[in-house]
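User: I'm new to reading protein models and keep meeting words like "buried" and "salt bridge". Could you walk me through how such labels are earned?

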Amino acid sequence: MTEPLTEIDVLLVEDDAGDVLMTQEAFEHHKLRNQLHVVSDGVEALSFLRREGEFSDAPRPGLILLDLNLPRKDGREVLEEVKNDESLRSIPIVVLTTSQAEEDILRSYNLHANAYVAKPVDFERFIDVIRQIDDFFVSVVKLPR
């Protein structure tokens, strides 16, 4: 007997409109049932996660896709704050960024990122990467409720 597919809320923290659009298209293209929420900087991300201000009704995401290079508060700071917050640290965070710098990779894992993925520049490859992340974190991995 197979378990029913789980639907989760995914928080995309991304300031590049083109990357937001490609991620949305990847969700639509693969008919991903998960609900994608988008914020454009680190301050908004933390407000969303803490359900503050305009995000008071925000759902708790089951997965965060986090860019590193963000305005107001960068992704490294967001990653550190989330993983140091007892009420948020169990949310898996996939760093999804253009940086392939070894220091960014090492620092992200040292801050307890669950995965580090360099964004492909090719549209088809980008869509495939988003599908693989979704498959893994929704179909393969058991996430806390």
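Analyst: Happy to help; here are some labels, each set against its cut-off. Keep in mind that this is a predicted model.

User: Why is Asp67 called buried?

Analyst: The label buried needs a relative accessible area under 20%. Asp67 has 5%, so Asp67 is buried.

User: And what makes Lys119 count as buried or exposed?

Analyst: Lys119 has 9% relative accessibility, and the cut-off for buried is under 20%, so Lys119 counts as buried.

User: How do you know that Asp67 and Lys119 form a salt bridge?

Analyst: The rule asks for a side-chain nitrogen of Lys or Arg within 4 Å of a carboxyl oxygen of Asp or Glu. For Asp67 and Lys119 the N to O distance is 3.9 Å, and the pair meets the rule. Asp67 sits in the loop between β3 and α3 and Lys119 in the loop between β5 and α5, so the pair ties together parts 52 residues apart in sequence.

User: Which salt bridge does Glu14 form?

Analyst: Glu14 pairs with Lys119, and their closest N and O atoms are 2.5 Å apart. That pair links distant parts of the chain, 105 residues apart. Glu14 is buried as well. Glu14, Asp19, Asp67 and Lys119 are linked in a network of salt bridges, and the count of salt bridges comes to 12.

User: What makes Glu81 partly exposed?

Analyst: Buried means under 20% and exposed means over 50%, with partly exposed in between. Glu81 has 25%, so Glu81 counts as partly exposed. The side chain of Glu81 also meets that of Lys73 in a salt bridge, at 2.6 Å from N to O.

User: Why is Tyr109 given its exposure label?

Analyst: Tyr109 has a relative accessible area of 38%, which falls between 20% and 50%, so Tyr109 is partly exposed. Tyr109 lies in helix α4 and touches Asn114, Ala115 and Tyr116, leaving out residues up to four places away in sequence.

User: What makes an empty space a cavity, and how many are there?

Analyst: A cavity is a set of points where a 1.4 Å probe fits but cannot get out. Counting those of 30 Å³ or more gives 1 cavity, and the largest cavity holds about 40 Å³ of space. Among the residues lining the largest cavity are Val10, Phe27 and Asp134. By class, the lining has 6 nonpolar, no polar and 1 charged residues, and α5 gives the most, with 3 residues.

Definitions and conventions
Residues numbered from 1 in each chain as written. Predicted model: local features only at pLDDT ≥ 70, side-chain atom pairs only at ≥ 80, totals over all residues. Heavy atoms only, no water. 1 Å grid on protein atoms, 1.4 Å probe; cavity = no way out; pocket = protein on both sides within 12 Å on 5 of 7 lines; lining within 4 Å. Points joined across faces, edges and corners; volume = space filled by probe spheres on them. Helix = DSSP H or I, 4+ residues; strand = E, 2+ residues; numbered from the N terminus. Nonpolar A, V, L, I, M, F, W, Y, C, P; charged D, E, K, R; others polar. Buried < 20%, exposed > 50% of the residue type's maximum accessible area, 1.4 Å probe, protein only. Contact = heavy atoms within 4.5 Å.
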